[in-house]
Amino acid sequence: TVAVTPESAWSRSRIITITATDTESGIPSTGAYSFDGGSTWQDGNSKEYTAAASGIIIMVKDAVGNIHTHESITITGIDRDDPVVTITNPTEDGGFYDADVTMTAHVEEPHLAWVKIDGETATVDAGNNVSKSYTSEGTHAVTVEAADLAGNPEDSSAAGCSSKKSISFTIDKTAPAIGNLKWALVNDGT
């Protein structure tokens, strides 16, 4: 038999595993399995694919050289690309605002699983956009992160990870206060 795992629609990789038996001469411990139509032979009965592939010809040979060829296999649903998060508003990290701020972000990913803003799952619109309003005065440090159905990113804390972005901004709606002014008349003697 031939099994392809995982069975989910999207994955970072697929593994083809061959289960073969031969009651006469047996399956040798070396060079019994081919995943390329017999061009190369390997000892192990499985192979990992990290990209989609078609026309995979699996072959198994027994100890005396009899070869069984399995029908052609196609592997799909492999996605190794991280989602790309772009914070679209506000655009200035460390900016100051004198009114409420609606943070918006866009996620470039065709197989989006979720988007979180500050650790909470956000509602994603049809264009893969999210937003959250901030009304309280003070500094806000906002983090937007996303993951896809294949499990990307593998590590969102890795340096340069495109699926996690942060921005900070300060809301200050309070006008400055002016202290009491005392007016004094000065007699200059004229």
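In this predicted model, three strands form an open sheet in the order S3-S6-S7, with antiparallel pairing. Strand S3 (33–34) and S7 stand at the edges, and each has a single partner strand, so one side of each lacks a neighbour in the sheet. The pairing of S6 with S7 is antiparallel and runs over 3 bridges. Within this pairing, methionine 59 sits opposite threonine 69 in S7.

**The largest pocket**

The strands S6 and S7 return here. Strand S6 (59–61) and strand S7 (67–69) each give at least two residues to the lining of the largest pocket. The space in this pocket is about 210 Å³. Its lining counts 16 residues, and those closest to the centre are Ala20, Thr21, Ile27, Val60 and His68.

**A second open sheet**

Another open sheet of 3 strands has the order S1-S2-S4, again with antiparallel pairing. Strand S1 (2–5) and strand S4 (46–49) are its edge strands, and each pairs on one side only. On average, neighbouring strands in this sheet are turned by 15 degrees against each other, direction ignored. Strand S2 (residues 14–18) is joined to S4 by 4 bridges, and the two run antiparallel. One bridge places isoleucine 15 with glutamate 48 in S4.

**The largest nonpolar core**

The largest nonpolar core holds 18 residues. Met103, Val115, Ile117, Val130, Tyr134, Val142 and Val144 touch the most other members. Six strands each supply at least two residues of this core: strand S9 (84–89), strand S11 (101–108), strand S12 (112–117), strand S14 (129–134), strand S15 (138–148) and strand S16 (164–171). The largest share, 4 residues, comes from S11. A second, separate core has 12 residues, including Ile16, Ile58, Val60 and Ile73.

Which strand holds methionine 103? Methionine 103 is placed in strand S11. Methionine 103 has 0% relative accessibility, so it counts as buried. Leaving out residues up to four places away in sequence, methionine 103 touches Ile87, Asn89, Pro90, Ile117, Val130, Ser131, Lys132, Tyr134, Val142 and Val144. The C-alpha atom of methionine 103 is separated by 54 Å from that of threonine 40, and the two residues are 63 residues apart along the chain.

Valine 142 also has contacts beyond its neighbours within four places in sequence. They are Met103, Ile117, Asp118, Tyr134, Lys165, Ser166, Ile167 and Phe169.

**Pairing around S12**

S12 and S15 run antiparallel and are joined by 5 bridges. Leucine 112 has aspartate 148 in S15 as its bridge partner. S12 also pairs with strand S13 (residues 120–121), in the antiparallel sense, over 2 bridges. Here lysine 116 stands opposite threonine 121 in S13. The hairpin of S12 and S13 has 2 residues between the strands.

**Backbone features in loops**

Two residues other than glycine take a positive phi. They are tabulated here.

| Residue | Phi | Place | Relative accessible area |
|---|---|---|---|
| Aspartate 118 | near 50 degrees | loop between S12 and S13 | 30% |
| Asparagine 128 | about 65 degrees | loop between S13 and S14 | 17% |

Is asparagine 128 buried or exposed? Asparagine 128 is buried, because its relative accessible area of 17% falls under the 20% limit. Aspartate 118, at 30%, is partly exposed.

Cis peptide bonds also occur. One runs from threonine 5 to proline 6, with omega near -5 degrees. Proline 6 lies in the loop between S1 and S2. Another joins asparagine 152 and proline 153, with omega about 5 degrees. Proline 153 lies in the loop between S15 and S16.

**Threonine 135**

Threonine 135 is found in the loop between S14 and S15. Its relative accessibility is 45%, so threonine 135 counts as partly exposed. What does threonine 135 touch, not counting residues up to four places away in sequence? The contacts of threonine 135 are Asp100, Ile171 and Lys173. Threonine 135 and alanine 99 are 36 residues apart in sequence, and their C-alpha atoms are 7.6 Å apart in space.

Conventions: Residues are numbered from 1 along each chain as its sequence is written. This is a predicted model: local features need pLDDT of at least 70, side-chain atom pairs count only at pLDDT 80 or more; totals for chains, interfaces and linings use all residues. Side-chain values use heavy atoms; hydrogens and water are left out. A nonpolar core is a set of buried Ala, Val, Leu, Ile, Met, Phe, Trp, Tyr and Cys residues joined through side-chain atoms within 4.5 Å. Buried means under 20% relative accessible area, exposed over 50%, partly exposed in between (1.4 Å probe, protein chains only). Contact means heavy atoms within 4.5 Å. Two strands pair if DSSP finds at least two bridges between them. Axes are lines fitted to C-alpha atoms, for helices over the stretch in contact, and angles run from 0 to 180 degrees between N-to-C directions. On a 1 Å grid over the protein atoms alone, a cavity is a set of points where a 1.4 Å probe fits but cannot get out, and a pocket is an open set with protein on both sides within 12 Å along at least five of seven lines; lining residues have an atom within 4 Å of a point. Grid points are joined across faces, edges and corners, and a volume is the space filled by probe spheres set on the points.
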